[in-house]
Amino acid sequence: MTHPTDGNCIFCKIVAGQIPCFKLLEDANTIAFMDINPVNAGHALAVAKGHWPTVDVIPADVLADVAKTAQKVAKAAFKALDPHGINLLQANGEGAGQSVPHLHIHIMPRVKGDDVNLNWEQKPGDMAAIKAAYERLKAAL
Ligand code: AMP
Ligand code: ZN
């Protein structure tokens, strides 16, 4: 697997060893390191080695490798940090809050009462609206 790179990308620079990180593990297609702006203790990132910005363009096998790396880090976080929970989070595009356009999964330990704004109240949807979105999505698969 050849890994595309982008000379201006902070994660490509970390993959290339040009800037430092707290590296947790590394394999053929992925690297995991600590997030430099942690929302809670242990916040880490599982990152593709190649520069693929988003989920729609990364090869499926590399995405699977990133997910496997995220699982390894999450297991270690459950074991070593005893969090109340862990979110795996992956953003695609600025509108989704992605700040580094190089695919990564956050491993985000959670603590009760933290102010991480990820959880939403469940409100029943409008069936016609759900069906309309379903039909558009299904037609695109
Ligand atoms: P996102 O906003 O989902 O694209 O997440 C990007 C994450 O990368 C943020 O949580 C940043 O704190 C983190 N980040 C940015 N630069 C670095 C860096 N040099 N080392 C580690 N984490 C970084
Ligand atoms: Zn990159």
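Buried, in this talk, means under 20% relative accessible area; exposed means over 50%, and partly exposed is in between, with a 1.4 Å probe and protein chains only. Cys12 meets the buried criterion, and His102 does too.

Now the ground rules. This is a predicted model, where local features need pLDDT of at least 70, side-chain atom pairs count only at pLDDT 80 or more, and totals for chains, interfaces and linings use all residues. Residues are numbered from 1 along each chain as its sequence is written, chains are lettered from A and ligands numbered from 1 in the order in which they are written, and side-chain values use heavy atoms, with hydrogens and water left out.

The overall picture. The chain has three helices and five strands. Those are DSSP runs, numbered from the N terminus: helices are H or I with at least four residues, strands are E with at least two. The order from the N terminus is α-β-β-β-α-β-β-α. The C-alpha trace spans about 50 × 40 × 25 Å along its principal axes. Of the 141 residues in the chain, 34% are buried.

Next, the metal. Which residues coordinate the zinc ion (ligand 2)? They are Cys9 and Cys12 through SG, and His51 and His102 through ND1, at 2.0 to 2.3 Å. Donors here are N, O and S atoms within 2.8 Å of the metal (3.2 Å for Na, K and Ca); water is not among the atoms, so sites may look incomplete. Along the chain the donor spacing reads C-x2-C-x38-H-x50-H. Cys12 and His102 tie together distant parts of the chain: Cys12 is in helix 1, His102 is in the loop between strand 4 (85-89) and strand 5, and 90 residues separate them.

The geometry is tetrahedral, because the four donor atoms subtend angles of 106 to 117° around the zinc ion (ligand 2). The cut-off for four donors to be tetrahedral is that all angles lie between 85 and 135 degrees.

Cys9 has 6% relative accessibility, so Cys9 counts as buried. Cys12 is buried as well, again at 6%. How many disulfides are there? Zero. A disulfide would need a pair of cysteine sulfur atoms within 2.5 Å.

On to the largest pocket. A pocket is an open set of points on a 1 Å grid over the protein atoms alone, with protein on both sides within 12 Å along at least five of seven lines, and its lining residues have an atom within 4 Å of a point. The volume is about 530 Å³. That is the space filled by probe spheres set on the points, with grid points joined across faces, edges and corners. There are 27 lining residues, and Phe11, Asp35, Ile36, Asn37 and Leu45 lie nearest the centre. Helix 1 (10-15), strand 2 (30-34) and strand 5 (104-110) each give at least two residues to the lining.

Three residues to finish. Asp114 sits in the loop between strand 5 and helix 3 (127-140). Asp114 is buried, at 18%. Its C-alpha is 8.7 Å from that of Val39, 75 residues away in sequence.

Asp82 lies in the loop between helix 2 (60-81) and strand 4. Asp82 is not a glycine, yet has a positive phi of about 50°. Most residues other than glycine have a negative phi. Asp82 is exposed, at 64%.

Lys75 is in helix 2. Lys75 is exposed, at 55%. From Lys75 to Ile86, 11 residues apart along the chain, the C-alpha separation is 9.7 Å.

Terms used:
1 Å grid on protein atoms, 1.4 Å probe; cavity = no way out; pocket = protein on both sides within 12 Å on 5 of 7 lines; lining within 4 Å. Tetrahedral: all angles 85-135°; square planar, octahedral: opposite > 155°, others 65-115°.
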